[in-house]
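Me: I am new to reading protein models and would like to go through this one slowly, with questions and answers. Could you help me reason from the overall form to the details?

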Amino acid sequence: LPVTLNVNNPPTANAGVDMTAECASHAGTVMTLDGSASTDPETTEEVNDIVSYQWYEFYGEAGEVYLGEGMLLDTTLSLGTHELTLLVTDTAGWTDTDTVVMTVIDTTPPSGGITAPAANSCFGGPLLPVVVEDNFTDICDPDLTRFYDPAPGPAYNEHGDYNVNLTVTDCSNNQSMDSVFFTIDTVLPEAQMHSPPPQTVI
């Protein structure tokens with residue numbers, strides 16, 4: 001009698017298309033990994049022969065880090081480029097892999113401005129030094145770089161008029177600017193006494 005062999009064919013992994021997303025928070029950006037386009041010859045309308053979808057991130061010399069399992073997987077990715085690998089396994093234990101590149105970018109400049117001192121204020125004596133304060137924040141970068149012109153900033157205590165320009169830069173080189181004008185007066189006023197004119201009655 002003829003013998004019928006049930007031959008199982010390996011699956012074909014499909015990790016989806018490369019994607020780019022804007023940075024959403026300091027913690028990262030949630031992106032959806034989609035392996036639903038993966039196929040297997042033994043899959044029918046009733047039964048999917050692929051029984052496992054496992055996702056990994058490739059870290060070069062550090063190897064691969066397991067992210068989670070599922071045909072669709074939401075994962076939080078930090079700023080930068082991520083090479084992700086999908087490993088699919090069918091009922092017979094056959095496997096296949098595919099990679100996808102997910103990139104998180106930051107194109108949004110910091111928001112905020114200078115909050116102190118008040119514009120056109122004048123300071124001297126015990127009010128010194130004058131410190132330029134701001135409330136700049138950034139969606140993606142918690143540690144902004146600040147540059148004050150004139151230097152050094154943010155504190156000033158020398159006599160003169162100041163038009164301070166503050167430039168704030170995040171880690172993706174997005175910049176925002178604000179400025180404030182104020183005066184520091186450390187020069188004491190001069191007083192002179194004059195004799196009254198002749199024949200002046202006091």
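**From the whole chain to its cores**

Me: What percentage of the 202 residues in the chain is buried?
Reply: This is a predicted model, and a residue counts as buried when its relative accessible area is under 20%. By that cut-off, the buried part of the 202 residues comes to 33%.

Me: What radius of gyration does the chain have?
Reply: The C-alpha trace spans about 150 × 35 × 20 Å along its principal axes. A compact globule of 202 residues would have a radius of gyration near 17 Å, whereas the chain has 33 Å.

Me: How many strands does the chain have?
Reply: Helices do not help in describing this fold, since the chain has zero of them. What the chain does have is strands, and they number 15.

Me: Which strands stand at the edges, each with a single partner strand?
Reply: One open sheet holds five strands with mixed pairing, in the order β1-β7-β6-β3-β4. Reading that order from end to end, the strands with a single partner, and so with one side left without a neighbour in the sheet, are β1 (19–22) and β4 (64–69).

Me: Which residue stands opposite Thr89?
Reply: Strands of a sheet pair through backbone hydrogen bonds, either parallel or antiparallel. Here β6 (residues 80–90) and β7 (residues 95–105) run antiparallel and are joined by 10 bridges. Across this pairing, the residue in β7 that stands opposite Thr89 is Thr95.

Me: Which residues form the covered face of strand β2?
Reply: In a regular strand the side chains alternate between the two faces of the sheet. Strand β2 covers residues 29–34 and pairs antiparallel with β5 (residues 72–77) through six bridges. Its uncovered face consists of Val30, Thr32 and Asp34, while its covered face consists of Thr29, Met31 and Leu33.

Me: Which residues touch the most other members of the largest nonpolar core?
Reply: The largest nonpolar core has 18 residues, and the elements giving two or more residues to this core are β2, β3 (50–58), β5, β6 and β7. Within this core, the residues that touch the most other members are Trp55 and Leu86.

Me: How many residues are in the other core, which lies apart from the largest one?
Reply: Among the members of this other core are Phe136, Tyr162, Val164 and Val180. These four are named as examples, and the full number of residues in that core is 15.

Technical notes:
Residues numbered from 1 in each chain as written. Predicted model: local features only at pLDDT ≥ 70, side-chain atom pairs only at ≥ 80, totals over all residues. Heavy atoms only, no water. Helix = DSSP H or I, 4+ residues; strand = E, 2+ residues; numbered from the N terminus. Rg over C-alpha atoms; globule rule 2.2 N^0.38 Å. Buried < 20%, exposed > 50% of the residue type's maximum accessible area, 1.4 Å probe, protein only. Pairing = 2+ DSSP bridges. Core = buried A, V, L, I, M, F, W, Y, C linked by side-chain atoms within 4.5 Å.
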